Amino acid sequence: MTIFDDARAEIDAVEARIAARQLMTCKHWRGPLGQPPCGAGVDVVARAGPRRLPGWVDRVPCRDAAFPAFTCDLKMTPTSAEIEESKREAGEAFSRVSAVMRALPADKSIAHGEVPCPKCAGPVRWERSPVNGHVRAACAEGCVSFIQ
Ligand SMILES: [Zn+2]
């Protein structure tokens, strides 16, 4: 057993915990800072108490809460196939961002322009901040949009 085997085992264990948590997390959950209401219109803060309560996330039934303050009849967890589809879509979205970044001119003095969208071939308008060099770009059809 090498140090790489140990690292691989740790990565596998972390990924398994993430996958298990995803299977138990409601599709309507918007994250601990995105409440209320959740995507199903449930006011989680009103039902579980203010977020400043210690262990608040263990009071909301939206994830794998240890001590849920209430039972939510609207909780809907994703299937493994839905999680895989979501990962695939995220990977494709990231690829579109990479493709747009690669299409930008290498000359950093060029501050704005258009490049073809990697999905629809329509225009992706972009601009580079003269202050910090960050790029903002968006396809007119909504295929890709980011600030980098
Ligand atoms: Zn597009």
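**A four-stranded sheet and its helices**

Ala-121 lies in the loop between β1 and β2. Helices and strands here are DSSP runs numbered from the N terminus, with H or I over at least four residues for a helix and E over at least two for a strand. The structure is a predicted model, in which local features need pLDDT of at least 70 and side-chain atom pairs count only at pLDDT 80 or more, while totals for chains, interfaces and linings use all residues. Residue numbers start from 1 along each chain as its sequence is written.

Back to that loop. Most residues other than glycine have a negative phi. Ala-121 goes the other way: its phi is near 70 degrees, a positive value in a residue other than glycine. Ala-121 also counts as exposed, because it has 11 C-beta neighbours inside 10 Å. The cut-offs are simple: a residue is buried if 20 or more other C-beta atoms lie within 10 Å of its own, exposed if 12 or fewer, and partly exposed in between, with C-beta atoms placed from the backbone.

The hairpin around Ala-121 has six residues between its strands. Its two arms, β1 (residues 112–116) and β2 (residues 123–128), pair in the antiparallel sense over five bridges; pairing calls for at least two DSSP bridges between two strands. One of the residues with a partner here is Gly-113, whose bridge partner in β2 is Trp-126. On its other pairing, Trp-126 stands opposite Ala-137 in β3. Trp-126 also belongs to the covered face of β2, along with Val-124 and Arg-128, while Pro-123, Arg-125 and Glu-127 make up the uncovered face.

The next hairpin joins β2 to β3, again with six residues between the strands. In its turn, Gly-133 has a positive phi of about 80 degrees. β2 and β3 pair in the antiparallel sense over five bridges. After that, β3 (residues 135–139) pairs with β4, also in the antiparallel sense, over three bridges. Within that pair, Ser-145 in β4 is the bridge partner of Ala-138.

Put together, the strands make an open sheet of four in the order β1-β2-β3-β4, with antiparallel pairing. The edges are held by β1 and β4 (145–147); each has a single partner strand, so one side of each is left without a neighbour in the sheet. Neighbouring strands are turned by 15 degrees against each other on average, direction ignored; the axes behind that value are lines fitted to C-alpha atoms (for helices, over the stretch in contact), and angles run from 0 to 180 degrees between N-to-C directions.

On to the helices. α1 has 22 residues and reaches 32 Å from its first C-alpha to its last, close to the 32 Å expected at 1.5 Å a residue. The expected span is 1.5 Å times one less than the number of residues in the helix. None of it is tucked away: the number of buried residues in α1 is zero, so the helix lies largely in the open. Helix α3 (residues 80–103) has 24 residues that should span 34 Å, and its end C-alpha atoms are 35 Å apart, which agrees. Just one of the 24 residues of α3 is buried, so α3 too lies largely in the open. Arg-102 is found in α3 and counts as exposed, with 10 C-beta neighbours inside 10 Å. Its C-alpha atom is separated by 10.0 Å from that of Val-115, 13 residues apart along the chain.

Between α1 (3–24) and α2 (44–48) runs a loop that holds Gly-41. Gly-41 is exposed, with 9 other C-beta atoms within 10 Å. The C-alpha atoms of Gly-41 and Val-144 are separated by 28 Å, and the two residues are 103 residues apart along the chain.

Zooming out, the protein chain has three helices and four strands, running α-α-α-β-β-β-β from the N terminus on. Its radius of gyration is 21 Å, well over the 15 Å that the globule rule gives for 148 residues, so the chain is more spread out than a compact globule. That radius is taken over C-alpha atoms, and the rule is 2.2 Å times the number of residues to the power 0.38. Along its principal axes, the C-alpha trace spans about 55 × 50 × 30 Å. Buried residues make up 12% of the 148 residues.
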